[in-house]
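Colleague: I have this model open at the bench and would like a close look at one part of it, chain B. Please walk me through that chain, strand by strand where you can.

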Amino acid sequence: MSTDSAPAPQGNIAEDQRPRIAVSALTTNLREYGLIIALIVIMLFFQFTTSGTLFKPVNLSNLVQQNSFIIVMALGMLLVIVSGYIDLSVGSVAGFIGALAANMMVIWQLGPLSNPLVVSIVCLVVGGLIGAAQGYWIAYHRIPSFIVTLAGMLIFRGICQALLGGGSSVGPLPDGFKALSSGFIPDVIGPLTLIPPTVNAAGKTIVGSGLTLHMTTIVLGLIAVVAYAYFGVRTRRKRERHGYEAEPFPLFVVKTLVASALALFLVYEFASYRGLPVVLLVMGVLISLFVFVTKRMTIGRRIYAMGGNPKAAQLSGINTERLTLLVFINMGVLSALGGLIIAARLGQAVPAAGLGSELDVIAAVFIGGASAMGGVGQVIGAVVGGFIMGVMNNGMSIMGVNVDWQQVVKGLVLLGAVIFDVYNKNKA
Amino acid sequence: MTSTILEMRDITKTFPGVKALSNVNLSVEEGEIHAVVGENGAGKSTLMKVLSGVYPAGTYDGQIIFQGQECQFKGIHDSEHKGIVIIHQELALVPMLSIAENIFLGNEHAKYGVIDWDANEARTSALLKKVGLKEDPKTLITNIGVGKQQLVEIAKALSKEVKLLILDEPTASLSEKDSQALLDLLLEFKRQGMTSILISHKLNEVNRVADKVTVIRDGRTIETLAKKDISEDRIITSMVGRSLDDRYPPREPKIGEVVFEVKNWSVYHPIHAERQVIKGIDINVRKGEVVGIAGLMGAGRTEFAMSLFGRSYGRRITGEVLLKGKPIDVSSVSKAVEHGIAYVTEDRKTYGLNLIDHIKHNITLANLGGVSRHSVIDDLRELAVANDYRKKTNIRASSVYQMTGNLSGGNQQKVVLSKWLFADPELLILDEPTRGIDVGAKYEIYTIIARLASEGKAIVVISSEMPELLGITDRIYVMNEGRIVGEMPAADASQEKIMRAIVRGEGKAA
């Protein structure tokens, strides 16, 4: 036995640091990369099994429009789960808000209050109030969130159905409102026709022929990619200037290039159809906001601390009651937004809107690597988790897989992802 | 002539990247109390996990010979079957089950799966008598104190026909009185011929009961001392690899004006509303002064501190808190922190740290404002702060990105201390700051306390270890049953004087 292989906890910390940071940067990010790779593999799989339908621009737009409400709600659910709680009411709240919005716009003649924008704002406020009402019991009376939100799930589904007069649907909703889900951003720059569409004998263009690019989408995409790379480099520079180890340069380059290439590919796809869906823009803004809040803001840090050890957080001067309330208010607002998106996509409010979607939302967050014990989870993980669920829904539907079996597959993927997580954690 | 009951030869255990044990040898004679001592992280617990089969045969190198047979334990079941029973530091009892249910958990007297409660309770009564615990077997674990729970654990071990009893830090959370009782029990078992291994930090206990002491340092056996060679100094020298002439760092107190004052502080129990826990306490602390609060377990010291710190304990709190002569509002933790009060809890794992987050995030948690602007955290500033405090308090970790859950007790304590130092308090209340941490780390904590005092902070230390209070404080308050029953300059104080104050106070209260 050689002497130098003995553990030496004292001293030589500085020398150990460099390689360990490199390794830990890789291992801590492995989960996130692994998830994104899994999403890409699943997409390629369905691209192949649906003989190329999945990546058709029109299908990609559909995919985004179908799943955006899950991802929007998953952002709120991530914070709820990281805080150590759960919210089962989001599907019902979304359904209720859809019914409320439809009634405000179609049935109740409220004059200027029936304006889609005003209705949307009112609905978001109502969502916040619902979140506050539920959060109040959870935060200040320590009633388990599972029970409070289970009650909420029953209550708001009931009110939703009652508002719709039991079983019937309310619609059609105004076009201005439907644009939230099915609209595309206007092309302010103007289209660029690369290949003119084929004109048939009657002098009409054949749909789907030719190639015209939605230039506003292309420009926005390019700006986003350049900004992403710029901020990445700037952060690196800043770290290095202060003498800290950043992640290994090759890793950084590969990561940035892959992410940019993927983003540009998607931008091109959207641009060759009708441009960026409005809902994707809304989602993108929200995702960036939540990444920023969780990674950089004090309130985000406090949420993780509260989920990790509520007592320690409280004794560190964090007002855990108020923080819990805020987390549920946020969840309520996002559930309301989810409800508006569903209603806008369907063009009407139906009693079953959002039914069971709380489970998809929760599954997305757990597939994304959050811990049911609280304190662990990433926004990007939840978003990718949401897309994995969405792509599987979409892909299996195109393949013609029976809905029953789709559920089985989704269940297995959820279980597999969590087992993979736990296994990884134990190995570390 | 006694015979060797256990021999562990050349045990080497490696974890990815670390060699936790290298060629450790341990030889235990039948009928002795063999103490294993060493700093935290020295490898004591790993060694015991190897012995009890938590790390199964094949995952380590070396031989275990028990009662003349080479053993290859595949799990705890195998070692228990042979009569090796380990009682862990963290008690493994189910709180909402009764004493009898806990003792025979997984091992019930039953026929075809139907439990014979009479048999279980009769055996439990017999076992409880053996360990000297007067409780009904039907009492729920949650309703008895930690000291008694420890006895239940031992009774549970006895129910398994134990030949070798291993106790991992059994007195870490016990009061002086309970600890004494436990040690007496160990001696009694020895008279009956049982062999025990005692893992402990408390050298006076080791000194009292052990027949032999094996010292482990950095995953190696340093030496095994026979009874006649056992002395605290010798063990300490051997444990830390250097001699600690003085267990407390020297300091020259520079005591200024009164910074902090509490007047007529009263608190009632949070559940039993009629019970007054703190009964009109007055204390004061001066600038640059280290004030100790001595007392037995249950004297109300922690309750007093936590009720001061943002009413984190109790109800119907009355009294006045003055900082530099002005009354301040300490009705919430954030207000207390704002006014410059910090409280380092006695239970760092439950109340002090977010164990699933790394050192950096833990250090800045109580003062996020100090590393952020407009609520946006400056990552680099935070990293600089964390590295700075890691250096100042000498936290041993691979980097500030190490999870606090993976640190040893002493290093965890330094993280909690760093957190509160970064909050830059005027008054620092330290509740059992060195509980469960090793001699070397203790010295480091004392040094930090001394440095803070010399920087002009006011410090309150709550401790059950009287030598510690005598060694590091300037003035000592003695607390008993929710009252201050004595106050003395540390220079005049002694363990006897403190005990006398407590006893006298008890007479007064009755």
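Modeller: Before we start, a strand here is a DSSP run of E at least two residues long, and strands are numbered from the N terminus. Keep in mind, too, that this is a predicted model.

Let's begin with I65(B), which sits in strand β4 of chain B, covering residues 61-66. Is I65(B) buried or exposed? Neither, quite: I65(B) counts as partly exposed because 15 C-beta neighbours lie inside 10 Å, and that label falls between the cut-offs of 20 or more for buried and 12 or fewer for exposed. Leaving aside residues up to four places away in sequence, I65(B) touches E7(B) and E70(B). There's also T4(B), 61 residues away from I65(B) in sequence but 9.4 Å away in space, going C-alpha to C-alpha.

Now jump along the chain to a sheet. It's an open one of four strands in chain B, ordered β14-β13-β16-β17, with antiparallel pairing. The edges belong to β14 (276-286) and β17 (326-327) of chain B; each has a single partner strand, so one side of each has no neighbour in the sheet.

Helix α9 of chain B, residues 301-308, packs on this sheet and touches β13, β14 and β16 of chain B. The direction of α9(B) makes about 70 degrees with that of β14(B).

Next, look at how the strands pair. β13(B) and β14(B) run antiparallel and are joined by seven bridges; one position to find there is W265(B), which stands opposite I281(B) in β14(B). β13 (residues 258-268) also pairs with β16 (residues 315-323) of chain B, again in the antiparallel sense, over six bridges. Along that pairing, K263(B) faces E320(B) in β16(B), while E261(B) has L322(B) of β16(B) as its bridge partner. As you step along, remember that side chains in a regular strand alternate between the two faces of the sheet.

Last stop, the side that touches chain A. Here 38 residues of chain B are in contact with 33 residues of chain A. The elements of chain B giving two or more residues to that side are β2 (18-29), α10 (333-338), α11 (348-352), β20 (376-377) and α13 (379-392). Of these, β2(B) supplies the largest share, five residues. By class, the chain B side has 17 nonpolar, 15 polar and six charged residues.

Technical notes:
Residues numbered from 1 in each chain as written. Chains lettered and ligands numbered in written order. Predicted model: local features only at pLDDT ≥ 70, side-chain atom pairs only at ≥ 80, totals over all residues. Pairing = 2+ DSSP bridges. Contact = placed C-beta atoms within 7 Å. Axes fitted to C-alpha atoms, helices over the stretch in contact; angles between N-to-C directions. Nonpolar A, V, L, I, M, F, W, Y, C, P; charged D, E, K, R; others polar.
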